[in-house]
Amino acid sequence: MKLKHWSKNIDYFDDLKGDEYEAFKTDIKTNGITNPLHILAEGTVICGNQRLRAARDLGINDEAVPTKIFNWKLPEDERAIIIHAIKDNILRRQLTPEQKAKPVGVMLKLLNDLTTDRWGKTDPATKGLKSRDIVARELGLGSGGAVQRLIEYNAAVEELPELKGEKLTVAIKKWRKHKAIKHRKATLTDVKIENLHHGDALIEIKKIPDGSVDCVITDPPYGIDFKSSHGGGTNDFKDDTEEYALNLLRKITPDLFRVLKDNSHLYVFTSWRNLGAFKDILSTQFKVNSAIVWVKNNFTTSNFQLNYAPKYEMVLFCTKGTRHLIQNMTPDVLEVQNKVNKSHSSEKPEELLKIFIKNSTVEGECVLDPFAGSGTTLVASKELKRNYIGIEIEEYFYNMTRERLNGIQIKGN
């Protein structure tokens with residue numbers, strides 16, 4: 001009998017290529033065709049098109065190829081034939097995620113053939129099962145979860161073709177992140193928020209609505225009795241005893257949680273001396289994901305004859321729910337040159353703050369700093385086209401921040 005390739009086969013399965021195809025031919029040449037081709041009575045090959053192709057390339061006559069005849073007919077039984085071919089190929093071939101996801105998508109579309117018997121009645125064996133569980137059972141894929149991942153992979157490569165060739169888990173993670181960021185951008189309003197409040201953070205934060213902030217980046221008093229003077233001649237911190245600093249963080253943490261949206265980020269600068277205490281307080285509301293080390297490449301004042309010269313600070317990175325970092329593989333040790341001529345003793349470099357802002361927000365989202373100091377977090381936010389809210393208790397720094405913000409000229413895209 002003259003065999004013929006089934007024209008639909010290529011719609012569901014790619015031809016073997018390159019070294020994979022050569023190895024396939026070598027195996028047939030050495031061991032012969034051990035699994036018969038599945039064919040219809042008139043010679044159409046519904047399972048085994050690659051075996052037929054290899055046999056012909058090796059000079060094997062069609063009559064010498066082992067076959068097994070099935071009594072379906074085209075086009076009447078096309079759905080049953082497709083399902084049979086998919087099941088056979090998935091069980092016999094080592095497929096890439098893309099090769100496996102493609103036929104699984106077809107199976108889901110043909111689900112009616114899996115859930116009804118030949119008289120059109122519901123198959124009791126499928127009652128109460130989800131579509132993905134039925135397909136998993138039919139294809140021997142183990143669980144509905146495995147099918148769900150293939151469904152997501154199909155959606156991922158359809159929306160982002162550049163993900164083709166990626167490992168299944170990698171492609172899905174990248175797609176989920178893309179979807180989450182896309183959703184955040186789509187749900188943004190055109191409301192512009194540029195608010196700077198003069199007052200006590202514990203009081204002023206009460207005026208901020210619940211779930212209105214996308215990210216908090218702040219540098220509260222550390223509680224290390226640090227005293228310094230700016231040009232105006234007054235202390236930068238009203239009080240920086242350990243008791244004061246911990247009590248302040250303890251009181252404001254519930255409000256930080258309240259004003260943040262679900263699935264958002266919080267960054268809190270701290271010292272190694274109070275890292276544990278800060279972590280314990282923040283953990284009452286947030287998940288503390290990690291401690292980021294900022295290597296600032298200059299030295300904090302210390303007794304250099306008795307101690308190693310400190311040249312780093314730490315930042316606790318916390319989450320409320322789950323939010324994807326926008327940049328991939330940002331290290332938890334960041335080397336950013338500290339400012340030399342500071343307006344505020346604890347002023348941070350814009351470059352460092354912009355890393356956090358870019359990683360945790362998109363343009364138009366809102367950043368809060370309840371201990372604004374000289375306003376660098378707000379300045380960085382405005383330059384990156386984010387909304388911002390700042391609170392500063394000291395009038396000198398409140399006025400300085402207001403002047404800095406008024407002086408920013410935002411360039412167009």
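**Exercise 1.** Leaving aside neighbours within four places in sequence, which residues is Ile-86 in contact with?

*Solution.* Start with the ground rules. This is a predicted model, where local features need pLDDT of at least 70, side-chain atom pairs count only at pLDDT 80 or more, and totals for chains, interfaces and linings use all residues. Residues are numbered from 1 along each chain as its sequence is written, and side-chain values use heavy atoms, with hydrogens and water left out. Contact means heavy atoms within 4.5 Å. With those neighbours set aside, Ile-86 touches Phe-13, Pro-103, Val-106, Met-107 and Leu-139.

**Exercise 2.** Describe how α7 and α8 meet.

*Solution.* Helices are DSSP runs of H or I, at least four residues, numbered from the N terminus; strands are runs of E, at least two. Take the axes, which are lines fitted to C-alpha atoms over the stretch in contact, with angles from 0 to 180 degrees between N-to-C directions. The axes of α7 and α8 come within 7 Å and cross at roughly 105°. That makes α7 roughly perpendicular to α8 (65 to 115 degrees). Now name the residues. α7 brings Arg-132, Asp-133, Val-135 and Ala-136, and α8 brings Gly-144, Gly-145, Val-147 and Gln-148.

**Exercise 3.** Place strand β7 among its partners.

*Solution.* First, check burial. In β7 (residues 260-270), 8 of the 11 residues are buried, so the strand is largely enclosed by the rest of the structure. Buried means under 20% relative accessible area (1.4 Å probe, protein chains only). Next, find the pairings; two strands pair if DSSP finds at least two bridges between them. β6 (residues 213-218) pairs with β7 in the parallel sense over 5 bridges. β9 (residues 312-320) pairs with β7 in the antiparallel sense over 7 bridges. There, Tyr-267 stands opposite Phe-317 of β9.

Definitions and conventions. Angles under 35 degrees count as roughly parallel, over 145 as roughly antiparallel, 65 to 115 as roughly perpendicular and the rest as oblique. Buried means under 20% relative accessible area, exposed over 50%, partly exposed in between (1.4 Å probe, protein chains only).
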